[in-house]
Amino acid sequence: WVVDDTLARWPVVIARTLEGNQGIFSEYTQLVELSPQGPHLLVMFRSSFSDGSAGTEPAQEIQGRIVNIRRDQSFEVEFTGTAQFRQTFARRGDKYEMTDSTGTLPDM
C-alpha cells in the first residue's frame, strides 16, 4: 500500500490485493480516504488480470495504473498489455464511481 495526496482532499491509502486460483489472477485496488472522521472507502476496482500461469494460449497480461487525476473530481485507470483501454471514475458525494469504460478485464 502507499499513501497518495493527489486523489482527494485528505490523504488516500492505495491498497492492492491479489485474488485468484489455478493460474488466473486479478488484482484489486482500494482507495481509502483518511478523513478527520476516520477511514472511508472511496472505491474498489479490478486493476489487473493475468492468466499466464494457467497455460492458456494466448496468455493475457493486463495491468492498470491511475492517470489523469483531478483532485476530488475524477481519475482514469489506463490498462496496458494484451489489451489497451481506459476506465473513468468520477466523484459522486463521498465515493468514486466508474462513469465510462472503453473496455473490460476478462472474467476470472
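**Exercise 1. The start of the chain**

In which segment is W1 found? Then classify W1 as buried or exposed, and list its contacts beyond its sequence neighbours.

Solution.
- Note first that this is a predicted model.
- Place the residue. W1 sits in the segment before strand 1.
- Check its accessibility. The relative accessible area of W1 is 74%. The cut-off for exposed is over 50%, so W1 is exposed.
- Look for contacts, leaving aside neighbours within four places in sequence. W1 touches V13, I14 and A15.
- Take one distance. W1 and V67 lie 66 residues apart along the chain, and 17 Å separates their C-alpha atoms.

**Exercise 2. The overall fold**

State how many helices and strands the protein chain has. Give the strand order in the sheet, and explain what sets strand 1 and strand 8 at the edges.

Solution.
- Count the elements. There are zero helices and eight strands. Along the sequence the pattern reads β-β-β-β-β-β-β-β.
- Assemble the sheet. Eight strands form an open sheet in the order 1-2-3-4-5-6-7-8, and the pairing is antiparallel.
- Find the edges. Strand 1 (2-4) and strand 8 (95-101) each have a single partner strand, so one side of each lacks a neighbour in the sheet.
- Add the twist. From one strand to the next, it averages 30 degrees.
- Set the dimensions. Along the principal axes, the C-alpha atoms fill a box of roughly 50 × 25 × 20 Å.
- Describe the surface. The chain exposes about 6,400 Å², with 49% supplied by carbon and sulfur atoms. Of its 108 residues, 38% count as buried.
- Finish with contact range. Among contacts between residues at least 6 apart in sequence, 31% join residues at least 24 apart.

**Exercise 3. Following the bridges**

How many bridges join strand 3 to strand 4? Trace S50 to its partners in strand 3 and strand 5, then turn to strand 7 and strand 8.

Solution.
- Start with strand 3 (residues 24-35). Eleven bridges tie it to strand 4, in the antiparallel sense. The two strands make a hairpin with two residues between them.
- Locate S50. It lies in strand 4 and is the bridge partner of F25.
- Cross to strand 5 (residues 61-70). Strand 4 and strand 5 pair antiparallel over three bridges. Here the partner of S50 is E61.
- Move to the end of the sheet. Strand 7 and strand 8 run antiparallel and share six bridges. One pair links Q87 to S101 in strand 8.

**Exercise 4. The nonpolar core**

Which residues touch the most other members of the largest nonpolar core? Name the strands that give two or more residues to this core.

Solution.
- Identify the hubs. The core holds 17 residues, and V12, L31, V43, F45, F75 and F89 touch the most other members.
- Assign the contributors. Strand 2 (12-21), strand 4 (38-50), strand 6 (74-81) and strand 7 (85-92) each give two or more residues.
- Rank them. Strand 4 gives the largest share, four residues.
- Inspect F89. Neighbours within four places in sequence aside, its contacts include V43, F45, F75 and V77, as well as Y96 and M98.

**Exercise 5. A polar residue in strand 6**

Is E76 buried or exposed? Which side chain does E76 join in a polar contact?

Solution.
- Place E76. It belongs to strand 6.
- Apply the cut-off. Buried means under 20%. E76 has a relative accessible area of 18%, so it is buried.
- Find the partner. The side chains of E76 and R86 meet in a polar contact of 2.7 Å.
- Widen the view. Beyond four places in sequence, E76 contacts R65, I66, V67, N68, R86, Q87 and T88.

**Exercise 6. Backbone checks**

Where is P58 placed, and what is the form of the E57 to P58 peptide bond? Compare the settings of Q22 and N68.

Solution.
- Take P58. It is in the loop between strand 4 and strand 5. The bond from E57 is cis, with omega near -10 degrees.
- Take Q22. Its phi is near 50 degrees, a positive value in a residue other than glycine. Q22 lies in the loop between strand 2 and strand 3. Its relative accessibility is 72%, so Q22 counts as exposed.
- Take N68. Its phi is also near 50 degrees. N68, however, is placed in strand 5. At 47% relative accessibility, N68 counts as partly exposed.

Note on methods
Residues numbered from 1 in each chain as written. Predicted model: local features only at pLDDT ≥ 70, side-chain atom pairs only at ≥ 80, totals over all residues. Heavy atoms only, no water. Core = buried A, V, L, I, M, F, W, Y, C linked by side-chain atoms within 4.5 Å. Buried < 20%, exposed > 50% of the residue type's maximum accessible area, 1.4 Å probe, protein only. Contact = heavy atoms within 4.5 Å. Pairing = 2+ DSSP bridges. Axes fitted to C-alpha atoms, helices over the stretch in contact; angles between N-to-C directions. Polar contact = N/O pair within 3.5 Å; in protein donor to acceptor, adjacent residues only side chain to side chain. Areas by Shrake-Rupley, 256 points an atom, 1.4 Å probe, with all protein chains shown as cover.
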